[in-house]
Amino acid sequence: MTLTDIGPTTDPAVLSTEQQALATADALAAELAAGSAERERSGASLLPQLRQVAESGLLGVVVPAEHGGPGLSAAVKVEVLRRLSRGDSAVGQLLLSHFVIGQAISGLGRQQPAPRIYADILAGAQLGNASAERGTQTGLDRHTTVTPRGDGTWVLNGTKYYATGALGAKWIAVAAVVAGREGETATVFIRPDQDGVTLDLEQWSAFGQRGTASGEVRLAEVVVDDELVIEEGAAPDPVDGPPSVLGAYDQALHAAVDIGIARAALEDGAEFVRTRSRPWKEAVLAGVTRADEEPHVVRRFGELTARLYALEALLAHGTALVDEGLAEAELSRDTAARASLQVAGAKALAQEYAVEIASAIFELTGTSGTDSAANLDRHWRNVRTHSLHDPARWKYVHLGNHTLHGTRPPRLGLVL
């Protein structure tokens with residue numbers, strides 16, 4: 001399968017209810033989990049798995065009702081991604097941009113490119129991302145430019161990295177600055193098979209989330225129709241700009257990937273202990289004949305389970321607040337702040353607890369759990385890699401300032 005041979009081979013299933021979406025996510029996650037260890041070990045492409053997702057109809061859950069979609073809540077969409085990430089975390093992260101961009105363009109209503117993009121999604125199209133760049137002073141800086149030509153088209157030039165979701169995407173959303181307009185930005189939709197677009201995704205060499213192929217996208221004189229350029233103007237002021245819950249939604253999706261990995265690690269570790277681990281010598285002397293009945297093992301699994309429950313509950317509460325904000329006729333700053341802070345807490349704690357869970361299972365499996373054939377270490381490598389997406393230390397600062405001073409967190413793109 002090539003990069004241009006993507007998308008479903010059959011019409012995607014139509015998922016119109018929350019129950020259908022979650023049941024489909026569970027069924028697909030079980031299928032993904034069955035081969036995830038071997039795929040990760042061999043470095044197999046995830047294009048076949050992305051096609052499975054497309055054919056399942058799960059890509060369409062991001063489409064609002066006014067565009068023919070199910071119009072599901074943010075909480076349900078985040079939960080879908082969490083469940084898919086439990087099955088294969090690389091698949092979950094590959095689809096994260098699809099969920100974020102699908103929400104971001106919902107505010108455009110009937111303006112272009114929303115109708116065209118949403119129609120393609122319902123037909124099985126995946127959305128990808130090309131935002132971040134290397135060699136800039138900060139992660140907010142952009143050198144990629146889009147230039148209006150005055151004839152209804154624009155020209156896009158630049159190089160992007162960490163282009164997660166470009167693999168398998170029919171549309172890639174590119175963050176750019178508008179040439180000749182100081183401080184103005186735009187989001188530009190391109191297709192990976194357009195002239196001037198080069199995907200070099202093999203450059204991704206991290207020790208975790210290997211299947212995301214989050215490499216490089218090069219753009220050389222790419223011609224884009226006017227309807228596929230969303231002009232955003234100058235970036236909003238981080239303190240006084242209009243409130244938004246898009247950042248909280250994005251961070252909830254990132255937390256969902258980490259928390260999905262944590263559940264996979266805990267469940268796979270428990271299965272290994274039940275079926276392969278031996279009890280320690282002192283336990284045998286005390287009459288224990290199975291590792292999964294050793295009191296210290298049972299207690300530690302209980303501690304890790306409590307941490308996982310806390311993460312899942314905190315994420316659910318945060319996404320409920322995101323939905324509360326989306327339901328307001330005019331989003332208030334306080335509602336946006338509550339959603340951002342609650343989700344920030346979930347994301348920050350996931351960076352601690354999910355990593356702990358994925359590491360701690362080896363205390364309980366014993367040395368046999370490090371066998372490369374089991375590939376249990378992929379859970380730690382994956383969550384350690386993905387949890388570094390943005391630092392928890394700054395989330396704790398914002399949470400502390402809010403508790404001490406009532407300070408609302410700044411609006412920094414999709415970070416908070």
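Biologist: Why does R300 count as buried in this structure?

Modeller: In this predicted model, R300 has a relative accessibility of 15%, and since buried means under 20%, R300 counts as buried.

Biologist: And what makes E303 count as partly exposed?

Modeller: The relative accessibility of E303 is 24%, and partly exposed is the class between under 20% and over 50%, so E303 counts as partly exposed.

Biologist: How do you know that R300 forms a salt bridge with E303?

Modeller: The closest N and O atoms of R300 and E303 are 3.0 Å apart, and a salt bridge asks for a side-chain nitrogen of Lys or Arg within 4 Å of a carboxyl oxygen of Asp or Glu, so the pair qualifies. Both residues lie in helix α8, which covers residues 295–327, and they stand three residues apart, about one turn of the helix. As a general point, an α-helix has 3.6 residues a turn, so residues three or four places apart point the same way.

Biologist: What makes the contact of D258 and K347 a salt bridge?

Modeller: Their side chains meet at 3.9 Å, N to O, and the limit is within 4 Å, so this contact also counts as a salt bridge. D258 belongs to helix α6 and K347 to helix α9 (residues 333–365), so the pair ties together parts that are 89 residues apart in sequence.

Biologist: Are D258 and K347 buried or exposed?

Modeller: D258 has a relative accessible area of 0% and is buried, and K347, at 0% relative accessibility, counts as buried as well; the cut-off for this class is under 20%.

Biologist: Why do K395 and D390 count as buried, and what do their side chains meet in?

Modeller: K395 has a relative accessibility of 2% and D390 one of 5%, and because buried means under 20%, each of them falls in that class. Their side chains meet in a salt bridge at 2.9 Å, N to O. A separate set of residues, D26, E79, R82, R83, R86, R263, E267, D268, E312 and R378, is joined into one network by salt bridges that share partners, and the structure holds 34 salt bridges.

Biologist: What makes α3 a mostly covered helix?

Modeller: Of the 14 residues in α3, 12 are buried, among them R82, R83 and R86, which also take part in the salt-bridge network. The helix reaches 20 Å from its first C-alpha to its last, close to the 20 Å expected at 1.5 Å a residue.

Biologist: How do you know that β2 and β3 pair, and in which sense?

Modeller: Strand β2 (residues 145–148) and strand β3 (residues 153–160) share four bridges in the antiparallel sense, and since two strands pair if there are at least two bridges between them, the pairing is accepted. T145 stands opposite N157 in β3. The two strands form a hairpin with four residues between them, and G150 in the turn has a positive phi of about 85°.

Biologist: How many bridges does β2 have with β4?

Modeller: There are two bridges between β2 and strand β4 (residues 171–178), in the parallel sense, and the requirement is at least two, so they too count as paired. In β4, the bridge partner of T145 is V177.

Biologist: What is the phi of Y162, and where is its place?

Modeller: The phi of Y162 is near 55°, a positive value in a residue other than glycine, and Y162 sits in the loop between β3 and β4. At 41% relative accessibility, Y162 counts as partly exposed. A213 likewise has a positive phi, near 45°, and is not a glycine; its place is in the loop between β6 and β7 (216–225), and with a relative accessible area of 12% A213 is buried.

Biologist: Which residues are closest to the centre of the second largest pocket?

Modeller: That pocket has a volume of about 550 Å³, and of the 34 residues that line it, G43, A44, L46, R210 and G211 are the closest to its centre. The elements that give two or more residues to the lining include α3, α6 and β6, while α1 gives the most, with four residues.

Biologist: How many residues of each class does the lining of the second largest pocket have?

Modeller: The lining has 14 nonpolar, 11 polar and nine charged residues.

Note on methods. Residues are numbered from 1 along each chain as its sequence is written. This is a predicted model: local features need pLDDT of at least 70, side-chain atom pairs count only at pLDDT 80 or more; totals for chains, interfaces and linings use all residues. Side-chain values use heavy atoms; hydrogens and water are left out. On a 1 Å grid over the protein atoms alone, a cavity is a set of points where a 1.4 Å probe fits but cannot get out, and a pocket is an open set with protein on both sides within 12 Å along at least five of seven lines; lining residues have an atom within 4 Å of a point. Grid points are joined across faces, edges and corners, and a volume is the space filled by probe spheres set on the points. Ala, Val, Leu, Ile, Met, Phe, Trp, Tyr, Cys and Pro count as nonpolar, Asp, Glu, Lys and Arg as charged, and the others, Gly among them, as polar. Buried means under 20% relative accessible area, exposed over 50%, partly exposed in between (1.4 Å probe, protein chains only). The expected span of a helix is 1.5 Å times one less than its number of residues.
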